[in-house]
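Student: I have a structure open and would like to learn how to read it. Could you walk me through a few features?

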Amino acid sequence: MTVELQHPMKAQSTPDEVARGRFVSGIRGLILNDLATDMKDAYDRRAAPAFRKEHGRDPETSREAHQALRGDPAFNIYSAMRVQAQKMVWASVADSVEREGDRLAHEAELAAAAPGSLTLDPALDVPKNVHAIDVHLMPGSYTRGADSLEAGAVYDRGLAVFSMGLMGANLDDIGLSMSQYIKQRFPDFAPQRILDTGCTVGHNTLPWKQVYPDAELIAIDAAPGPLAYASARAKMQGQDVQFRQMCADDLAFEDASFDVVWSSMFLHELSKKQRAKCLDEAFRVLRQGGLMLHMELPPNAQMGAFEGFYLDWDSYYNNEPYYKGYRDELPGDLCARAGFADGDFFEFVVPSVGIYGEQALIDAARGDRAEGVGQQTTGRLAEGVMWYGFGAWKK
Ligand SMILES: C[S@@+](CC[C@H](N)C(=O)[O-])C[C@H]1O[C@@H](n2cnc3c(N)ncnc32)[C@H](O)[C@@H]1O
């Protein structure tokens, strides 16, 4: 199911375009549920036994599971269809974004006086990972249309098709689930200043304002266009957020100036070096008692070979060059290298609040947090998705 975005800052669709989006979401649902199940069956029945015969043991890593499956008809059909469906996601929204460009720009101008701000930095050297390849096959990547609203509109409408209704009506389920989880698990924590790094159009920025309405909320991204869209989108919803163009690995903020440094689905799009610098920067700008928190893909070390490969697939076939390298790292080690003490690191799995409801989230915040990290639905955009996160306190 494709969600119809609930906020006013969106490209309007014709009935044909709506149908096109539904069709693509439907195909993705078939691929990510049914064809994925077929591929797992093929792995168990054909690919893993053949690997065992050749090597005298089971595939042990994501790379070996990939090696075992390559060439299997179930793998071929899954991969070919998923690549085509990914291209169709962006193609299905391109016409409406193009047609609606001027109107959106006009609406954004009308909303400019609302609380909140947008600060672009034309002198910023936008890093290559943001513009040099079409990340997740999105044409023009995050810098499509320079600082116009185009990239943001494509990303917003495209994600609605891509997510098949699993990320909430305003595509903010990750932010809602994670911020509410933190509030439930750490009820005495009252952040005054929150930073979202790599915010794109602010899908998972705004929920922090709902959960901590008195906090000052600042969101940064290296790409100008998505930020311009994010700002207009937030203003039209009456949300006071400061959006600033900046690199997360080189923050223009003072030491010890934030209580929370947050990101979602961000670290896996960075090179190893950039990622380490981002965490160093997060440590630097956090106040004592502050929290660094990342929603991300779960690490390979906590998954079986097939499950690990299933997530790493994007690294090979979906223009996500850093995905596997990120998933091969251990979040605890990343935090330790940035200066956080071992005992102040934690990781957890949050049931999607939109799918499982608030009580499940409260139970998770109070229950055994180690459970569920390796579950089949963790980090996997399919029926029953759960979100993986990790964090560390600066003490
Ligand atoms: C997958 S998107 C993040 C999604 C967003 N956090 C959300 O939850 O909807 C990755 C974003 O990271 C940004 N980005 C990549 N490298 C960056 C860097 N070094 N500093 C700041 N932003 C960066 C990209 O421009 C892009 O908008």
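Tutor: Gladly! A residue is near a molecule if its C-beta atom, placed from the backbone, lies within 6 Å of it. This is a predicted model, where local features need pLDDT of at least 70 and side-chain atom pairs count only at pLDDT 80 or more, while totals for chains, interfaces and linings use all residues. Residues are numbered from 1 along each chain as its sequence is written.

Student: How many residues surround the ligand, and which are the closest?

Tutor: There are 23 around the ligand, and Gly 198, Thr 200, Asn 204, Ala 223 and Ser 264 are the closest.

Student: Which domains does the shell draw on?

Tutor: Domain bounds come from an automatic or database domain assignment. Here, domain 1 (15–106 + 127–162) and domain 2 (173–393) each give at least three residues to the shell around the ligand.

Student: How far apart are the C-alpha centres of domain 1 and domain 2?

Tutor: They lie 22 Å apart. Two residues are in contact if their C-beta atoms, placed from the backbone, lie within 7 Å. By that rule, 37 residues of domain 1 touch 29 residues of domain 2. H5 gives the most to that side of domain 1, with six residues; helices (H or I, at least four residues) are DSSP runs, numbered from the N terminus.

Student: At what angle do H3 and H5 pack?

Tutor: Axes are lines fitted to C-alpha atoms, for helices over the stretch in contact, and angles run from 0 to 180 degrees between N-to-C directions. Helix H3 (residues 73–111) meets helix H5 (residues 150–162) at about 140 degrees, with the axes 9 Å apart.

How values were computed: Helix = DSSP H or I, 4+ residues; strand = E, 2+ residues; numbered from the N terminus.
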